[in-house]
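Got your viewer open? Let's take a walk through this one, one selection at a time.

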Amino acid sequence: MPPSIYYAVLLALVLGVGCGPRVLTPDEMNVVGTYEGKMNETDEDVSRMVFLKNGVMETYTNDKKDSQELEWEIIEGEVVSGNWKGQKLFFRVEPNGDLRIIGVEENGERMDFQKDMKSTFKKIK
């Protein structure tokens with residue numbers, strides 16, 4: 001094989017590594033699904049979050065899809081969403097599969113919620 005072809009094949013192999021679909025961990029597979037709840041007790045709007053297998057989270061307010069889609073991942077046992085309405089959200093997976101919001105990050109500063117301020121999103125699918 002001429003050296004130029006060898007290097008072309010080698011380059012193609014190197015560039016192709018990691019380009020396939022991401023394989024989810026078992027913990028991530030447990031999060032995939034649809035959740036519904038309210039951001040706080042006084043909120044009249046019903047929020048729905050759909051965590052997809054491709055690492056994207058879709059959000060809905062009163063059954064209307066919000067314009068942005070967010071990335072999500074699990075970091076140190078917490079489900080972390082991308083920037084939602086100016087905030088990064090942190091969730092804990094409850095034993096029954098629901099998600100409880102435990103904190104937010106705004107302007108790079110994380111604020112954990114007090115126990116009585118944490119909203120739960122029920123897993124519906």
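**Start at F91**

Select F91 and show whatever lies around it. Leaving aside residues up to four places away in sequence, F91 touches M49, F51, E78, V79, S81, L99, R100, I101, I102 and F121. Keep in mind as you click around that this is a predicted model.

**Out into the core**

Next, bring up the largest nonpolar core, which has 18 residues. F91 belongs to it, and together with F51 it has the most contacts inside. Now colour by strand: β2, β4, β6 (87-93) and β7 (99-106) each supply at least two residues of this core. Which strand gives the most to it? That's β7, with three residues.

**The aromatic cluster**

Hide everything but Y35, F51, W72, F91 and F121, and you have one aromatic cluster on screen. The model holds four aromatic pairs by the ring-centre rule. Zoom in on Y35 and F51: their planes stand at 90 degrees with the centres 5.5 Å apart, so this pair counts as edge-to-face. Trace the backbone from one ring to the other and you go from strand β1 (residues 33-37), home of Y35, to strand β2 (residues 47-51), home of F51, with the two positions 16 residues apart in numbering. Are these two buried or exposed? Y35 is buried, and F51 is too.

Stay on F51 and add W72. Here is another edge-to-face pair, with 85 degrees between the planes and 5.4 Å centre to centre. F51 sits in strand β2 and W72 in strand β4 (residues 64-75), so this pair ties together parts of the chain 21 residues apart in sequence. W72 is buried, as is F51.

**Two arginines over rings**

Now for some charge. Select R110 and F90: the charged end of R110 sits over the ring of F90, 4.0 Å from its centre. Then jump to R48 and Y60, where the charged end of R48 sits over the Y60 ring, 5.7 Å from the ring centre.

**Zoom out**

Finish with the whole chain as a cartoon. You should find two helices and nine strands, and reading along the sequence gives α-α-β-β-β-β-β-β-β-β-β. Of the 125 residues, 35% are buried. Turn on the surface to see about 8500 Å² of accessible area, 53% of which belongs to carbon and sulfur atoms. And if you draw contacts between residues at least 6 apart in sequence, 28% of them join residues at least 24 apart.

Notes. Residues numbered from 1 in each chain as written. Predicted model: local features only at pLDDT ≥ 70, side-chain atom pairs only at ≥ 80, totals over all residues. Heavy atoms only, no water. Phe/Tyr/Trp six-rings, centres within 6.5 Å; stacked < 30°, edge-to-face > 60°. Helix = DSSP H or I, 4+ residues; strand = E, 2+ residues; numbered from the N terminus. Buried < 20%, exposed > 50% of the residue type's maximum accessible area, 1.4 Å probe, protein only. Lys NZ or Arg CZ within 6 Å of the ring centre and 35° of its normal. Core = buried A, V, L, I, M, F, W, Y, C linked by side-chain atoms within 4.5 Å. Contact = heavy atoms within 4.5 Å. Areas by Shrake-Rupley, 256 points an atom, 1.4 Å probe, with all protein chains shown as cover.
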